[in-house]
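Visitor: I'm new to this one, so could you take me in for a close look at the part where the charged side chains pair up? After that, feel free to wander on from there.

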Amino acid sequence: MPTYRTASEEETIALGERLARDLPSKQVVLLIGQLGAGKTTLAKGIVKGLGAAEPDEVSSPTFTLIHEYRGRVFHVDLYRLENEREAQSLGLEDLFDLEAVVLIEWGERFRDLLPPERIEIRIRPMADERREIEVREVTGGYPQT
Ligand SMILES: Nc1ncnc2c1ncn2[C@@H]1O[C@H](COP(=O)(O)OP(=O)(O)O)[C@@H](O)[C@H]1O
Ligand SMILES: [Mg+2]
């Protein structure tokens, strides 16, 4: 379970690019961390690394809920959803069926809606602009804490 450290927004974008290289073309990735941790920033790097868009073309889907990049990457933010019924109405399982990378912020709030096989990336703010970023592959049915 590799843990990385970054010291700036730029480094986190660069890490996202690197992580993208090892992602299969069909993969669900949870981005976990408090507001401002850097989830969207890391997503920018992953989208860039997958060759789907440039970082400044990637904005937070907080209000739009789902952004699509060339049909190959979907970036989802469930922050504003109140309950599982609302989340269910998004039809996430249709995205999970696609040959695509699906990046999800605040997905851990709705674990029952997630596929059991996924990658969970936790971002922890440390002092200053430092972030600790842990990548974990989840393969079982049991929810991770
Ligand atoms: N090492 C770092 N990695 C990522 N973002 C950082 C870092 N240091 C400072 N920041 C800042 O933290 C904020 C992260 O915002 P954002 O990626 O939108 O967070 P989230 O999506 O988790 O709410 C940005 O303003 C970014 O410039
Ligand atoms: Mg965000």
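**Salt bridges and their surroundings**

Guide: Let's start with Arg111, which pairs up with Glu120 in a salt bridge, their closest N and O atoms sitting 3.5 Å apart. The term salt bridge here means a side-chain nitrogen of Lys or Arg within 4 Å of a carboxyl oxygen of Asp or Glu. Before we go on, what you see is a predicted model, in which local features need pLDDT of at least 70 and side-chain atom pairs count only at pLDDT 80 or more, while totals for chains, interfaces and linings use all residues. Residues are numbered from 1 along each chain as its sequence is written, chains are lettered from A and ligands numbered from 1 in the order in which they are written, and side-chain values use heavy atoms, with hydrogens and water left out.

Back to that pair: Glu120 has a relative accessibility of 0%, so it counts as buried. That word means under 20% relative accessible area, while exposed means over 50% and partly exposed is anything in between (1.4 Å probe, protein chains only).

The whole structure holds eight salt bridges, so to speak of a few others, go to Arg124. Its side chain meets that of Glu132 at 3.4 Å, N to O, and Arg124 also has a salt bridge with Glu134, this time at 3.3 Å, N to O. Glu134 belongs to strand β7 (residues 131-138) and Arg124 to strand β6, so this pair ties together parts that are ten residues apart in sequence. Strands (E, at least two residues) and helices (H or I, at least four) are DSSP runs, numbered from the N terminus.

How covered are these partners? Arg124 is partly exposed, at 33% relative accessibility. Glu132 is buried at 16%, and Glu134 is buried too, at 10%. Put the pieces together and you get a network of salt bridges that links Arg5, Arg124, Glu132, Glu134 and Arg136.

While you're on β6 (118-125), have a look at Ile123, which lies in that strand. Ile123 is buried, with a relative accessible area of 3%. Its C-alpha atom is 8.0 Å from that of Gln34, although the two residues are 89 apart along the chain.

Walk back into the loop between β5 and β6 and you'll meet Trp106. Trp106 isn't a glycine, yet its phi is positive, at about 60°. With 15% relative accessibility, Trp106 counts as buried. Arg70 also has a positive phi without being a glycine, near 55°. You'll find Arg70 in the loop between β3 (66-69) and β4 (73-77), and its 62% relative accessibility makes it exposed.

Next stop, the metal. The magnesium ion (ligand 2) is coordinated at 2.2 Å by Thr40, through OG1, and Glu105, through OE. These two come from distant parts of the chain, 65 residues apart: Thr40 is in helix α2 (residues 39-49) and Glu105 in strand β5 (residues 101-105). Donors are N, O and S atoms within 2.8 Å of the metal (3.2 Å for Na, K and Ca), and since water is not among the atoms, sites may look incomplete. Both Thr40 and Glu105 are buried.

Why does α2 count as largely enclosed by the rest of the structure? Because nine of its eleven residues are buried. Among those buried residues are Lys39, Thr41, Leu42 and Val47. Lys48, also in α2, is partly exposed at 29% relative accessibility. Measuring by C-alpha atoms, Lys48 is 17 Å in space from Glu99, with their positions 51 residues apart in sequence. After α2 comes Gly51, with a positive phi near 70°.

Let's finish with charges at the surface. Glu9, Glu10, Glu11, Asp128 and Glu129 gather there in a patch of negative charge. Glu11 lies in helix α1 (residues 9-21) and is partly exposed, with a relative accessible area of 40%. A patch takes residues with over 30% relative accessible area and no salt bridge, joining like charges within 9 Å and nonpolar side chains (Val, Leu, Ile, Met, Phe, Trp, Tyr) within 5 Å. Areas come from the Shrake-Rupley method with a 1.4 Å probe, and for residues only the protein chains shown count as cover. Asp and Glu count as negative and Lys and Arg as positive, with His and the chain ends not counted; each charge is placed at NZ of Lys, CZ of Arg, CG of Asp or CD of Glu.
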